[in-house]
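Hello,

Here is the structure I said I would pass on. Please open it first, then read the notes below it.

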Amino acid sequence: MKEAHMDVTGKVIVITGGSGVLGGAMAAHLIQQGAKMVIMGFREESVLAKLKELAVFGGDPLGLAVDVLDENQLKVARKQILDRWGRIDVLINAAGGNLRGATIADDQTIFDLEIKDLKSVLDLNLMGSILPTLVFGKAMTEQKHGSIINISSMAAQQMITRVFGYSLAKAGIDMLTKWMAAEFAMKFGDGVRVNAIAPGFFLGNQNRHLLVNEDGSYTSRGKKIIKNTPMARFGNIDELNGIVQYLASDASSFTTGAVIPVDGGFQIFSGV
Ligand SMILES: NC(=O)c1ccc[n+]([C@@H]2O[C@H](COP(=O)([O-])OP(=O)(O)OC[C@H]3O[C@@H](n4cnc5c(N)ncnc54)[C@H](O)[C@@H]3O)[C@@H](O)[C@H]2O)c1
């Protein structure tokens, strides 16, 4: 059911990583709430596949294959969206990922780190949010209205084993959120807001094999996470919809610079 005060009807919403698990689920929800949706992804085939999947919801979403690390491609995309709809109301920075060489397996130490992979993970997760924020945020500051939603992680605030590069990048996302929130508000007025969602543990492509065995039982890492989550379960991806819609809508007009955990209590729990 549509909530009037969290209304996103007619809002032009761009999702980088819209062809992925989290971004795709957010797109499905927001289209059903009446948003005009732009799905971005790295590979054209996966963008087209996602558009096909989303077709059941109507809404005629636009799909664009865009590398978030290529400023020119982002600018071309901005022009295409502005030519079609005349404005950009919301940007969700959901492109991201990890590489094996930027992680430290149980039988490795930090000295096994692969610097090339580390740089790629920092680039994708941090620069891959900074560049779209600058390119689409420019349109928002010009129209004096907009909401940017970054995707942080539990790995941004506490040391979580294995995910070294990813954690550094997501800690950067938290500061990007705070910095841009203040910068936009102080220099362009109170209409453009920047916030982040910090998802706890949701089963996605990138982490499923770390958390669940082929027979459906939890891995030892999966068990540790459940033990440290007061709600004692993983999140369902549709449990991000409420906060995404809140931040995309004008209901959050005085919320900026916030990093909001959606984690079943993981972040506040001492484990005791
Ligand atoms: N799944 C989880 O449990 C979880 C938890 C916390 C945070 N996150 C974060 O949420 C975001 C999305 O995760 P997901 O599980 O949907 O991942 P996913 O692998 O399903 O999707 C990743 C998306 O990023 C896009 N992408 C990758 N490189 C790109 C590039 N250079 N240019 C443009 N797009 C590019 C892909 O096309 C894809 O659409 C990531 O930032 C991830 O770190 C996920």
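Note that this is a predicted model. I begin with the ligand, which has 30 residues around it. Gly17, Gly20, Leu22, Gly96 and Gly204 are the closest of these. Two elements, α1 and α4 (115-143), each give two or more residues to this shell. By class, the shell holds 13 nonpolar, 16 polar and 1 charged residues.

Next, the sheet. It is open, has 7 strands and pairs in parallel, in the order β3-β2-β1-β4-β5-β6-β7. At the edges are β3 (62-65) and β7 (259-262), each of which pairs on one side only. From one strand to the next, the twist averages 20°. Inside the sheet, β1 (residues 12-16) pairs with β4 (residues 90-93) in the parallel sense over 4 bridges. Isoleucine 15 has isoleucine 92 of β4 as its bridge partner.

Two helices on the sheet are worth finding. Helix α4 packs on it and touches β1, β4, β5 (146-151) and β6 (192-199). The direction of α4 makes about 170° with that of β4. Helix α8 lies across β1, β4, β5, β6 and β7, and runs at about 150° to β5.

Last, how do the axes of α1 and α8 cross? The axes of α1 (residues 21-32) and α8 (residues 241-248) come within 10 Å and cross at roughly 60°, which makes α1 oblique to α8. Their crossing is right-handed. From α1, the contact uses Met26, His29 and Leu30; from α8, it uses Asn241, Val244, Gln245 and Ala248. This contact has 4 nonpolar, 3 polar and no charged residues.

Regards

Terms used
Residues are numbered from 1 along each chain as its sequence is written. This is a predicted model: local features need pLDDT of at least 70, side-chain atom pairs count only at pLDDT 80 or more; totals for chains, interfaces and linings use all residues. Axes are lines fitted to C-alpha atoms, for helices over the stretch in contact, and angles run from 0 to 180 degrees between N-to-C directions. Angles under 35 degrees count as roughly parallel, over 145 as roughly antiparallel, 65 to 115 as roughly perpendicular and the rest as oblique. A crossing is left-handed if the near helix is turned anticlockwise from the far one by less than a right angle, and right-handed if clockwise. Two residues are in contact if their C-beta atoms, placed from the backbone, lie within 7 Å. Ala, Val, Leu, Ile, Met, Phe, Trp, Tyr, Cys and Pro count as nonpolar, Asp, Glu, Lys and Arg as charged, and the others, Gly among them, as polar. A residue is near a molecule or strand if its C-beta atom, placed from the backbone, lies within 6 Å of it. Two strands pair if DSSP finds at least two bridges between them.
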